[in-house]
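Please report on the fold, the pairing of the chains and the charged contacts of the structure below. Keep to short statements.

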There are 2 protein chains.
Amino acid sequence: MLNFSFVNPTQIHFGKDQIAHIAKAIPATAKVLVTYGGGSIKSNGVYDQVVAALKDHAWGEFSGIEPNPSYQTCMKAVELIKQEGYDFILAVGGGSVIDGSKFIAAAAKFAGEPWDILAKGAQVSAALPLGVVLTLPATGSESNSFSVVSNLDTHDKLPFASPLVQPLFAVLDPTVMESLPTRQLTNGVVDAFVHVMEQYLTYPVQGKVQDRFAEGLLQTLIEEGPKLFADDVSYETRANVMWAATMALNGLIGAGVPQDWSTHMLGHEITALYGLDHAQTLAVVLPRMMAAQREAKREKLLQYAQRVLGLDVSNEDVAIEQAIAETESFFHRVQMKTRFADYGVGAEAVEKITAQLERHGMTALGEHQAVTLDVSKAVLSASL
Amino acid sequence: MLNFSFVNPTQIHFGKDQIAHIAKAIPATAKVLVTYGGGSIKSNGVYDQVVAALKDHAWGEFSGIEPNPSYQTCMKAVELIKQEGYDFILAVGGGSVIDGSKFIAAAAKFAGEPWDILAKGAQVSAALPLGVVLTLPATGSESNSFSVVSNLDTHDKLPFASPLVQPLFAVLDPTVMESLPTRQLTNGVVDAFVHVMEQYLTYPVQGKVQDRFAEGLLQTLIEEGPKLFADDVSYETRANVMWAATMALNGLIGAGVPQDWSTHMLGHEITALYGLDHAQTLAVVLPRMMAAQREAKREKLLQYAQRVLGLDVSNEDVAIEQAIAETESFFHRVQMKTRFADYGVGAEAVEKITAQLERHGMTALGEHQAVTLDVSKAVLSASL
């Protein structure tokens with residue numbers, strides 16, 4: 001096991017009718033900016049619950065944070081905050097709204113050009129306090145310190161992290177998933193699944209607790225994820241997917257073990273260039289990344305095959321091929337397509353994506369820094 | 001899954017050479033009282049590492065916090081704190097030192113008779129900040145808000161809990177386990193194991209993440225625990241046991257699922273009356289409590305048998321008997337005795353312990369409040 005430091009200070013309120021908790025969780029004197037996306041929270045009742053909970057608070061709102069939240073949109077919120085003196089952000093939405101709100105929280109307190117937080121890794125030394133009402137289980141952003149923001153002008157999609165933007169609290173009410181469209185459910189399950197894989201499918205360091213926790217999350221997503229697309233979905237299925245997605249990227253399963261993240265790095269470039277949803281890119285890349293790294297990841301691939309998928313591993317090479325095929329098949333079972341061609345992206349993309357990776361210094365990715373530009377190119381080519 | 005609120009704000013520093021972290025984790029201006037037990041930290045090098053790390057802090061020490069920390073000893077520390085103006089406690093030890101230090105932290109700020117915190121559930125409204133250097137993985141006290149303290153005069157062993165006494169940080173260095181005597185290692189493994197069982201072996205609520213995390217901890221303890229008693233113990237074994245013990249009682253696996261704790265309630269009375277180590281009492285009670293509750297716990301007993309122990313469950317009753325027998329056998333494999341007779345406690349204990357349970361209002365224990373005094377009496381009788 002590797003040395004690690006770990007803490008997760010986000011207060012989780014999980015379950016039915018938990019949105020009312022925000023009334024007490026936000027200081028009574030705060031002037032709250034409620035941030036959200038395209039307005040689905042108005043049709044599914046979440047907006048009304050938030051308004052009811054904030055009846056004794058001073059608050060305003062900022063809508064229009066888009067999927068793959070843009071620097072340009074976020075900066076409009078920053079301007080509003082400065083004009084109106086908001087001092088608390090309540091993000092109501094999925095990963096994009098939360099990621100955008102994290103950047104807004106940091107940018108509102110940043111002296112200088114906030115783009116530097118993303119482009120130059122400029123230090124975040126202050127941020128507005130942030131709370132979350134989660135409407136889409138997927139990214140884990142509701143209880144971590146990470147954010148990814150895109151620049152529409154430059155086609156850059158870049159991450160930053162700071163403990164100052166970690167949400168103080170997150171309300172997770174599985175019933176909000178009832179009105180989610182299939183595409184968002186699909187994205188959520190795949191995103192959460194790949195988050196676990198990035199922290200699990202590396203090389204063994206005898207982190208038995210971390211491995212078993214990761215395996216438990218993968219099994220839960222494999223069992224419960226496809227049930228989200230049935231006609232009759234239970235509260236329990238939604239609750240299990242929601243909690244698994246949060247646990248998938250709250251720092252716990254990655255503490256003390258190597259991490260990969262090469263699939264995510266390729267995926268970010270694909271989204272920035274071709275506009276695929278984040279999870280769509282992951283489903284395109286991951287099976288080919290697993291195949292390309294099958295020797296480096298051999299032991300963990302076999303462990304995954306055996307413990308998560310229940311495969312017979314007596315013939316190791318066959319088991320690994322089966323594990324990769326079953327992973328892609330799982331993506332199909334949650335309605336996810338797994339080839340560039342499914343999204344109308346052609347062979348010319350390979351060079352363009354590779355050039356972006358090079359421009360962003362992504363020339364040695366993965367837990368062994370073994371995913372060179374050549375490997376990335378081969379993975380992308382195999383994913384057409 | 002049940003509704004829940006969960007947060008764990010303790011900053012964990014895990015691994016070799018992490019004790020130095022305390023220098024930054026404690027405010028530079030703090031006047032630190034280092035609390036510890038019988039002095040084993042002086043022979044195993046931990047004391048010297050703490051002293052080195054505190055070289056720029058003002059600090060003093062209080063030693064002699066005993067196993068099953070007593071109210072009487074703790075109050076001596078409270079007096080010292082008031083005399084000398086200490087404003088930060090650094091607990092260096094195992095669960096007893098940490099539990100005692102939590103009570104000291106609360107009692108030092110308590111207006112009134114601090115025993116009321118334990119005896120009357122008096123509200124803790126302030127406490128000194130507390131940090132921990134863990135020397136014995138077992139209780140999970142290093143990252144939770146619980147404490148159990150005994151009154152030597154009245155033979156009461158009583159718990160309290162407050163978020164104000166949850167440690168701000170905990171240093172977990174597995175190498176400190178190298179010098180631990182067998183008895184303490186035994187106690188630690190059994191204590192952690194039973195903590196998981198109290199939160200897992202109840203009735204199913206479709207908490208798939210919680211169940212799989214619990215099962216992962218049980219498997220880790222079953223695999224790694226016995227290795228602690230070999231001639232040559234690896235760092236990885238110690239690290240896995242240490243991390244499993246912390247995760248066993250930091251609130252995570254119990255969030256959103258029913259909990260039992262009947263074995264613990266009986267165990268506390270046994271320790272208070274007969275002085276058995278806490279974990280010894282758990283190992284005596286648990287197998288018989290499992291048997292007594294076999295119908296109420298049927299589904300989870302079968303899940304435990306199948307998933308944790310890998311038993312064939314086609315004959316359910318046989319599988320349940322085997323699961324109970326294997327649990328007791330696991331305790332034996334970590335050098336733990338499991339009968340009252342092993343500790344010289346005779347049949348007269350049954351009535352005495354039951355009377356104490358009655359006196360403390362423990363008349364309907366467990367997840368179904370089905371462990372009445374009659375059930376407790378039967379469990380105790382069967383454990384002779």
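## The start of chain A

With a relative accessibility of 35%, L2(A) counts as partly exposed. The model is a predicted one. L2(A) sits in the segment before strand 1 (4–14) of chain A. Sequence neighbours within four places aside, L2(A) is in contact with V205(A), G256(A), V257(A) and P258(A). L2(A) and G207(A) are 205 residues apart in sequence, yet their C-alpha atoms are 8.2 Å apart in space.

## Two annotated domains

An unreviewed UniProt entry lists residues 9–174 of chain A as "domain: Alcohol dehydrogenase iron-type/glycerol dehydrogenase GldA". In the model, residues 9–174 of chain A are 29% helix and 26% strand. The end C-alpha atoms of this stretch are 21 Å apart.

UniProt, again in an unreviewed entry, gives residues 188–355 of chain A as "domain: Fe-containing alcohol dehydrogenase-like C-terminal". Residues 188–355 of chain A are 64% helix and 0% strand. Here the end C-alpha atoms are 29 Å apart.

## Buried positions in chain A

S70(A) lies in the loop between strand 3 (58–62) and helix 4 (71–84) of chain A. Its relative accessibility is 0%, so S70(A) counts as buried. Beyond its neighbours within four places in sequence, S70(A) is in contact with V149(A), S150(A) and L152(A).

K102(A) belongs to helix 5 (residues 95–107) of chain A. What is the nearest side chain of opposite charge to K102(A), and how far away is it? It is D99(A), 4.5 Å away. K102(A) is buried but has no salt bridge. A salt bridge needs the side-chain nitrogen within 4 Å of a carboxyl oxygen. A polar atom of the K102(A) side chain does lie 2.7 Å from the backbone oxygen of F146(A). F146(A) is also among the contacts of K102(A) outside its neighbours within four places in sequence, which include L130(A), S141(A), N144(A), F160(A) and P167(A).

Helix 12 (residues 298–308) of chain A has these buried residues: K300(A), L301(A), L302(A), Q303(A), Y304(A), A305(A) and V308(A). The buried residues of helix 12 pack against helix 7 (182–200), helix 8 (208–224), helix 11 (278–292) and helix 13 (316–333) of chain A. Just after helix 12 of chain A, G310(A) takes a positive phi of about 70 degrees.

## Positive phi outside glycine

Q369(A) has a phi near 50 degrees, a positive value in a residue other than glycine. Q369(A) is in the loop between strand 9 (364–365) and strand 10 (371–372) of chain A. Q369(A) counts as exposed, at 51% relative accessibility.

D17(B), likewise not a glycine, has a positive phi near 60 degrees. D17(B) is in the loop between strand 1 (4–14) and helix 1 (22–25) of chain B. At 65% relative accessibility, D17(B) counts as exposed.

## How the copies pair

Chain B superposes on chain A by a rotation of 180 degrees with 0.0 Å of shift along the axis, at an RMSD of 0.0 Å. The two copies are thus related as by a two-fold rotation axis. P9(B) has the C-alpha nearest the axis in chain B, 2.3 Å from it. Of the interface residues of chain B, 100% are also interface residues in chain A, so the copies meet through the same surface.

## Salt bridges

Over all chains, the whole structure has 38 salt bridges. Among them are these.

| Pair | Closest N to O distance |
|---|---|
| D56(A) and K55(A) | 3.4 Å |
| E223(A) and K208(B) | 2.5 Å |
| E316(B) and R298(B) | 3.3 Å |

D56(A) and K55(A) are both exposed.

The side chains of E223(A) and K208(B) meet in a salt bridge. E223(A) lies in helix 8 of chain A and K208(B) in helix 8 (residues 208–224) of chain B, so the pair joins two chains. E223(A) is partly exposed, at 31% relative accessible area. K208(B) counts as buried, at 15% relative accessibility.

E316(B) forms a salt bridge with R298(B). E316(B) is in helix 13 (residues 316–333) and R298(B) in helix 12 (residues 298–308) of chain B, so the pair ties together parts 18 residues apart in sequence. E316(B) is partly exposed, with a relative accessible area of 37%.

Salt bridges that share partners also join K208(A), R212(A), E223(B), E224(B) and K227(B) into one network.

Terms used: Residues are numbered from 1 along each chain as its sequence is written. Chains are lettered from A and ligands numbered from 1 in the order in which they are written. This is a predicted model: local features need pLDDT of at least 70, side-chain atom pairs count only at pLDDT 80 or more; totals for chains, interfaces and linings use all residues. Side-chain values use heavy atoms; hydrogens and water are left out. Helices (H or I, at least four residues) and strands (E, at least two) are DSSP runs, numbered from the N terminus. Buried means under 20% relative accessible area, exposed over 50%, partly exposed in between (1.4 Å probe, protein chains only). Copies are superposed by least squares on the C-alpha atoms of residues with pLDDT of at least 70 in both. Contact means heavy atoms within 4.5 Å. UniProt positions are given in the numbering used here, feature names are shortened, and annotations may be inferred rather than shown by experiment. Lys and Arg count as positive and Asp and Glu as negative; His and the chain ends are not counted. A polar contact is a pair of N or O atoms within 3.5 Å; within protein, one must be able to donate a hydrogen and the other to accept it, and residues adjacent in sequence count only if both atoms are side-chain atoms.
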